[in-house]
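Here's a quick briefing to read with the structure open beside you. We'll start with charged pairs, then move on to a sheet and the overall build.

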Amino acid sequence: MKRRLALLLVVAMILAVMIPGVSAAGAYDGKTVVIATANVKGDVDVYGQVAALKDHYKGQGAAVLLVDAGNYLQGAAAANIDRGETIYSLMDAAGYDVAAMGPREFYFGNATTGMIYHSNLHKFYTQKELYRGAEAQEYGVNAKGDVKETRPAKDPAKFSVISSNITKADGYYDFDANKTFTLGSFKVGVYALTDDQVAEKLQDNFLDGYVINAPESVDRAAKSALKSSNFTICLNNSSFEKSSADLTISAPADGKELVAIYAIDNKTKEVKEEKAPSVTANAEIAKQAADAKKAAADHIVFTNSVLIDGADRDNWCSETNLGDLVADALKWYGENKFEGFKKDAPVIAIQNGGNCDQFMYEGDITDVDLLYALPFSPMGIGLVYITGEDLLNILEAGTSPSEKYGDEICPGFAQVSGIEYEVHAYKEYAEGEPNGSFYKHAAVNRVVIKSVNGKDWDPKATYALVADNFNCNGGDNFYTISDIREKDASKYMNNGNGLKTRDIVAMYIKEKLNNKLGEQYAEPQGRITVYQEEPRPFDDVKEGCWYDAAASFVYKNGLMEGTAEKTFSPDVNFSRAMIAQILYAMAEKPAVKDASTFKDVPAGKWYTNAVTWCASKGIVSGYPDKTFKPDAAIKRQEIATILRKYAEVNGKNVKASGDLSKFSDQAKVSNYAKDAMKWAVGNKMISGNKIGSAVLLDPLGTTTRAQAAVILKAYCENILA
């Protein structure tokens, strides 16, 4: 009987080794097992599993390292609701040894709910405090700061946090360059490569003082710093794929979560990636995770699949997708929910761009995240009836330079819904009297409204403007709205102060977007165009070409318009009616009482008054058959003759004479036009046409719009100036 039992025990032991997922005690003697996670992004269920895996491999004789390659914070509600405190606690409980700083470890920024300058101080811990620990701190919970609460002290994390390509500073973040673990006689060195694009996804000043180096430039030096180790591991969340470490563990570039097992033979350093065995999650940690999820569930406002970007002062002075979202929510609320609004005017909306302070990242957006992104909406929502002219002044005032911050455009720059407009920021703001950190505007210099609700802007039309009451009360430089209210209180309606801008955003996403924020707000929607330099007026005029400066000159001076928006059509012929119209406009369009004497210039045409007036002054003449031929392309000698006569009528010197002998086709100039052509050449209005290898005067050639622009520019500068 004893012999049979012994045999059965041996068989059982053999089967235990052979059956997948079951290992005999001591099966991993002389090995180090690395359990790696990455892109967890607040998925708290992972931690009970990896804790059980760590216990499992320890039970089989392995030395175990539990590591994370980055992006363990921000994403799911359980991480967002307390800005990472729960995650650090669970990682400690699970027994993590080391974690890399990934982009999401930076996402919480300074961990405040609202910016410090809006009087909301630290409620949560910064990443530095989560890692290094923190003393108890009293903070203000209201705008005045006279209501206080105390944030408790926090012990340091039990695991190490590292980044080898970011030089740390005294800021919101803290980490070490690397970490070494001594596992018996086997020494493992770990370094980390953080995505060097992290700064692009942060509030502008959060990384002040930190130096971010390209991962590939520091990789070998990072490994060399661990030269006393028997084995090196690189925790990598950058795009650099060729680490020099013995083992590279990378966070998947597609953002998918990673749980991986690597078994290292301590003698040979051979690495085998293994499939994780099936284990039962650590019950205590699983309960902590479940409690965290349950507590956070009530705070989920919506799910977000795109990066919503409101941060950075540069963004505040241009259109942002967060500004678009907030303004759209306000417009929707005005059209559908605003109590007392009779829907008797088209609705538009404005949001102060400087009050869209932060990012909203992909994942579950909690009320804390929404408060973080939109910290400053202390009042309710208002609706003000305004005219189109009022709107122009509101937008112009919103572009005031900021004396306090030195911005060229106010950080309260208007984000909009239902409006498309341009800001020509290269033009000087017409400063009126000071208004806090800004200036009232003395004139409209910078703003051009392109459309309102898809229609041409009408300065006399009435619109219903929806905005936060901070703006309706004249906050920042929106004094233009409060001025309207003061002149006529009946034009303003107050929704009440119980509902804030962020609440309306949540309602909009829930009711209009079915709780999902996605591709429709992936990028700003092109409602605002800010020109830091003067835009080129025409797309079909190549920069630096021979008529470039002339085309811009005649356009800016109102002499010639485009044939369509942004189109000059330089090769299209210039007509006789066009030159008459330009000269008539230059004369400030005097009244014309007499009827036209040309049978092909009837009353009511766009050129009738121009041709009639020019003919009455002897500037233009017709043909023997009593026609003017307004649509005919004007010949080069004709435009010279007409311009000379206009100069003579205006008392300008017409005696200057150029030399025509250098042109081999001078004989083709008609007798009536010889003096005019000499005058035009002498005043550098006509310099010849290159036809083949020769430069010809080409007096009978037609004049293109490009040539006409060059002639008119020279005429204004050399004759009329």
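A salt bridge here means a side-chain nitrogen of Lys or Arg within 4 Å of a carboxyl oxygen of Asp or Glu. Keep in mind that this is a predicted model. By that yardstick, arginine 527 and aspartate 328 make a salt bridge through their side chains, at 2.8 Å from N to O. A search of the whole structure turns up 20 salt bridges, and a few of them are worth a look.

**Arginine 527 and aspartate 328**

- Arginine 527 sits in the loop between β28 (516-517) and β29 (528-531), while aspartate 328 belongs to helix α10 (residues 321-336), so their salt bridge ties together parts that are 199 residues apart in sequence.
- Are these two partners buried or exposed? Arginine 527 is buried, because its relative accessible area is 11% and the cut-off for buried is under 20%.
- Aspartate 328 is buried as well, with a relative accessible area of 10%.

**Glutamate 362 and arginine 104**

- Another salt bridge brings the side chains of glutamate 362 and arginine 104 together, at 3.4 Å from N to O.
- Which parts of the chain does this pair connect? Glutamate 362 is in the loop between β18 (359-360) and β19 (363-366) and arginine 104 is in helix α5 (residues 103-106), so the pair links parts that are 258 residues apart in sequence.
- The two ends differ in cover: glutamate 362 is partly exposed at 28% relative accessibility, whereas arginine 104 is buried at 10%.

**Arginine 132, aspartate 176 and their network**

- Arginine 132 has a salt bridge to aspartate 176, and their closest N and O atoms are 3.1 Å apart.
- Helix α6 (residues 127-132) carries arginine 132, and aspartate 176 lies in the loop between β7 (166-167) and β8 (178-183), so this pair joins parts that are 44 residues apart in sequence.
- Arginine 132 counts as partly exposed, at 34% relative accessibility.
- Aspartate 176 is partly exposed too, with a relative accessible area of 23%.
- Through shared partners, salt bridges join Arg132, Lys168, Asp174 and Asp176 into one network.

**A sheet of three strands**

- One open sheet has 3 strands in the order β19-β15-β28, and the pairing is mixed.
- Why is one side of β19 and of β28 left without a neighbour in the sheet? Both strands stand at the edges and have a single partner strand each, so there is nothing in the sheet on their other side.
- β15 (residues 300-304) runs antiparallel to its partner β19, and the two pair over 4 bridges.
- For one contact point to look up, asparagine 304 has glycine 363 in β19 as its bridge partner.

**The chain as a whole**

- The protein chain has 21 helices and 31 strands.
- Its radius of gyration is 37 Å, well over the 27 Å that the globule rule gives for 721 residues, so the protein chain is more spread out than a compact globule.
- Along the principal axes, the C-alpha atoms of the protein chain fill a box of roughly 135 × 70 × 45 Å.
- How much of the protein chain counts as buried? The figure is 52% of the 721 residues.
- Among contacts in the protein chain with a separation of 6 or more, 75% come from residues 24 or more positions apart.
- The protein chain has an accessible surface of about 32,800 Å², and carbon and sulfur atoms account for 48% of that.

Note on methods. Residues are numbered from 1 along each chain as its sequence is written. This is a predicted model: local features need pLDDT of at least 70, side-chain atom pairs count only at pLDDT 80 or more; totals for chains, interfaces and linings use all residues. Side-chain values use heavy atoms; hydrogens and water are left out. Buried means under 20% relative accessible area, exposed over 50%, partly exposed in between (1.4 Å probe, protein chains only). Two strands pair if DSSP finds at least two bridges between them. The radius of gyration is taken over C-alpha atoms; the globule rule is 2.2 Å times the number of residues to the power 0.38. Contact means heavy atoms within 4.5 Å. Accessible areas come from the Shrake-Rupley method with a 1.4 Å probe; for residues, only the protein chains shown count as cover.
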